[in-house]
Amino acid sequence: MKSLFDTVSYKCSKIVTQSYSTSFSSATKMLAPSIRQDVYNIYGFVRFADEIVDSFHNYPKAILFDDFERQMYAAIENKISLNPILNSFQETVHKYDIEPELYEAFMKSMRLDLSKKIYLTNEEYKEYIYGSADVVGLMCLRVFVKGNKKQYSKLKDSAMRLGSAFQKVNFLRDLKADFEGLDRTYFPNADLKNLNEESKQQIIAEIEIDFKEAKKGISKLPIEARFGVYTAFLYYQKLLNKLKKTPSSKLKESRIRVPNYQKFSLLAQGYVNYRLNLI
């Protein structure tokens, strides 16, 4: 039965989320059950595309990516796919009328990772972040507002700022892996070979502005999504604070993390703020 296949597909998307990101998975659990699975479906899709370009070093990445993109379009057109991750994703796309521009922009940025190593201008940098992060936030926002176009329009800018903030934090956190492992440089105005405190603080100041603008939208999210998004916001803000306190010379030596005990503390703090309507 198709319903059984769909159930298996949903479980696959959930497993991908739980396996690849414990933090995102924890935040997703704070979403209402009515929207939780659709966020798993989106994450599974974006994670698989990202893994192709970032991790499959001993395999033909370009061929695999082309095939994944072809399967994505076929899944959306046919409303089914034998790839369970794409089968889940296409259902969410149709359920919330997610426009092609969003997942096409995402795939464009992922494709850049196959060949582009250095982002020299702010325009290139912003375009990459839009496609790799902002549109993911917008796809999730479609789910959060359950397709309500008026609400979506009001919260769109904040969702994009949150996506940008998360991605930029990831860039700083993964500096060692991106620069030394993948030979990528995303920040256009920073010499990562000789990253100094001034350059690092400029990047952090930019992220803090994104967080400030993003928080304005979190308080206006539907109740089903607010606590989950706020949980993710607190986690990334804590991660940014740790990066801020880490000397620039140390950022390329190890990956900065937030320990589990601090994550639990943030969850408790977030819940109290949420219940007291302090978000």
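**Exercise 1. Determine how many disulfides the structure holds, and explain the result from the positions of Cys 12 and Cys 140.**

Step 1. Taking a disulfide to be a pair of cysteine sulfur atoms within 2.5 Å, a search of the whole structure returns 0 disulfides. The structure is a predicted model, in which local features need pLDDT of at least 70 and side-chain atom pairs count only at pLDDT 80 or more, whereas totals for chains, interfaces and linings use all residues. Residues are numbered from 1 along each chain as its sequence is written, and side-chain values use heavy atoms, with hydrogens and water left out.

Step 2. The closest cysteine sulfur to that of Cys 12 belongs to Cys 140 and is 19 Å away, which is too far for a bond.

Step 3. For the surroundings, buried means under 20% relative accessible area, exposed over 50%, and partly exposed in between, with a 1.4 Å probe and protein chains only. Cys 12 is partly exposed at 25%, while Cys 140, at 9%, counts as buried.

**Exercise 2. Describe the geometry of the aromatic pairs Phe 24 with Tyr 43 and Phe 45 with Phe 106, and state which helices they connect.**

Step 1. Rings of Phe, Tyr and Trp (its six-membered ring) pair if their centres lie within 6.5 Å, and planes under 30 degrees apart count as stacked, over 60 as edge-to-face and the rest as tilted. By this rule there are 17 aromatic pairs.

Step 2. Phe 24 and Tyr 43 are stacked, with 4.8 Å from centre to centre and 20° between the planes. Helices here are DSSP runs (H or I, at least four residues), numbered from the N terminus. Because Phe 24 lies in helix α2 (residues 22-29) and Tyr 43 in helix α3 (residues 33-55), the pair ties together parts that are 19 residues apart in sequence. Phe 24 is partly exposed at 28% relative accessibility, whereas Tyr 43 is buried at 9%.

Step 3. Phe 45 and Phe 106 form a tilted pair, with 5.6 Å between the centres and 55° between the planes. This pair links distant parts of the chain, since Phe 45 is in helix α3 and Phe 106 in helix α6 (residues 100-112), 61 residues apart. Phe 45 is buried at 0% relative accessibility, and Phe 106 is buried at 2%.

**Exercise 3. Identify what the salt bridges of Asp 54, Arg 111 and Arg 142 tie together.**

Step 1. With a salt bridge defined as a side-chain nitrogen of Lys or Arg within 4 Å of a carboxyl oxygen of Asp or Glu, the whole structure contains 20 salt bridges.

Step 2. Asp 54 pairs with Arg 184, their closest N and O atoms being 2.7 Å apart. Asp 54 lies in helix α3 and Arg 184 in the loop between α9 and α10, so the pair ties together parts 130 residues apart in sequence. Both Asp 54 and Arg 184 are buried.

Step 3. Arg 111 meets Asp 66 at 2.9 Å, N to O, which joins helix α6 to helix α4 (residues 61-78) across 45 residues. Arg 111 is partly exposed at 31%, and Asp 66 is partly exposed at 39%.

Step 4. Glu 99 and Arg 142 meet at 3.0 Å, N to O. Glu 99 is in the loop between α5 (84-95) and α6 and Arg 142 in helix α7 (residues 122-144), so this pair ties together parts 43 residues apart. Glu 99 is partly exposed at 23%, whereas Arg 142 is buried at 8%.

Note on methods: Helix = DSSP H or I, 4+ residues; strand = E, 2+ residues; numbered from the N terminus.
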